[in-house]
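Reader: Hello! I am new to this structure and would love a close look at one part of it. Could you walk me slowly through helix-bound side chains and the partners they meet?

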Amino acid sequence: MSPDKFKKLKKLRKNLDNLDNSLIALIKKRTAIVDKVLELKEYKNQIVDNKRIKIILSQIKKKSIKNKIDPKITKKIWLNMIRAYIDYEKRNFDKK
């Protein structure tokens, strides 16, 4: 790799690192909201709402297409995030 390309790569990676820091802050905010949602759930079987998951994924696909983002990328990201939060809720559910 040429020094010029390496310099550009380094700058792009720094931009990605900055975006990652922003994502971490958003995930912290999202987790705080999920905690509030979890407090409202009375039974563990209320954690997974397949109907809502389908609606979310449909909306994400539409938004992705509108914003010219590959919908396969956003679907994978959202599915993984949803699964991670389902796991989080199950691990943090206090009620029976």
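Author: Happy to; what follows is a tour that starts at helix H3 and then moves outward to its partners.

A word before we begin: this is a predicted model, and local features are taken up where pLDDT is at least 70. Helix H3 covers residues 71-92.

Let us begin with two tyrosines. The structure holds one aromatic pair. The rings of Tyr-85 and Tyr-88 have their centres 6.2 Å apart and their planes at 80°, so the pair is edge-to-face. To call a pair edge-to-face, the planes must be over 60 degrees apart. Both tyrosines sit in helix H3, three residues apart, and about one helical turn separates them. Tyr-85 is buried, as its relative accessible area is 9%.

Which residues of another helix come up to these rings? Thr-31, found in helix H1, is in contact with Tyr-85 and Tyr-88, once its neighbours within four places in sequence are left aside. Thr-31 has a relative accessibility of 19% and counts as buried; the cut-off for that word is under 20%. Tyr-85 has a further partner in Arg-30, which lies over the face of the ring, at 4.7 Å from its centre.

Now for the charged side chains of helix H3. Side chains of opposite charge can pair when their charged atoms come close. How many salt bridges does the structure hold? There are three salt bridges, and we can visit each in turn.

Glu-89 forms a salt bridge with Lys-41, with 2.8 Å between the closest N and O atoms. Glu-89 belongs to helix H3, while Lys-41 lies in the loop between H1 and helix H2 (50-66), so this pair ties together parts that are 48 residues apart in sequence. Are these two residues buried or exposed? Glu-89 is buried, and Lys-41 is buried as well.

Asp-87 and Arg-91 make another salt bridge, and here too the closest N and O atoms are 2.8 Å apart. This pair stays within helix H3: Asp-87 and Arg-91 are four residues apart, which places about one helical turn between them. Asp-87 is partly exposed at a relative accessible area of 40%, whereas Arg-91 counts as exposed at 56% relative accessibility.

The remaining stop of this kind takes us to helix H1, residues 3-40. There the side chains of Asp-4 and Lys-8 meet in a salt bridge, 3.6 Å from N to O. Asp-4 and Lys-8 are four residues apart in helix H1, or about one helical turn. Asp-4 has 45% relative accessibility and counts as partly exposed.

While we are on helix H1, look at its nonpolar side chains too. Leu-23, Ile-24, Leu-26 and Ile-27 make a nonpolar surface patch of about 390 Å². Ile-27, which lies in helix H1, is partly exposed at 41% relative accessibility.

One last stop is the loop between H2 and H3, where Lys-68 lies. Lys-68 has a positive phi of about 55°, although it is not a glycine. With a relative accessible area of 78%, Lys-68 is exposed.

To gather the thread around helix H3: Tyr-85 and Tyr-88 form an edge-to-face pair, Thr-31 is in contact with both tyrosines, and Glu-89 forms a salt bridge with Lys-41.

Definitions and conventions: Residues numbered from 1 in each chain as written. Heavy atoms only, no water. Salt bridge = Lys/Arg side-chain N within 4 Å of Asp/Glu carboxyl O. Helix = DSSP H or I, 4+ residues; strand = E, 2+ residues; numbered from the N terminus. Buried < 20%, exposed > 50% of the residue type's maximum accessible area, 1.4 Å probe, protein only. Patch = residues over 30% accessible without salt bridge, like charges linked within 9 Å, V, L, I, M, F, W, Y side chains within 5 Å. Areas by Shrake-Rupley, 256 points an atom, 1.4 Å probe, with all protein chains shown as cover. Contact = heavy atoms within 4.5 Å. Phe/Tyr/Trp six-rings, centres within 6.5 Å; stacked < 30°, edge-to-face > 60°. Lys NZ or Arg CZ within 6 Å of the ring centre and 35° of its normal.
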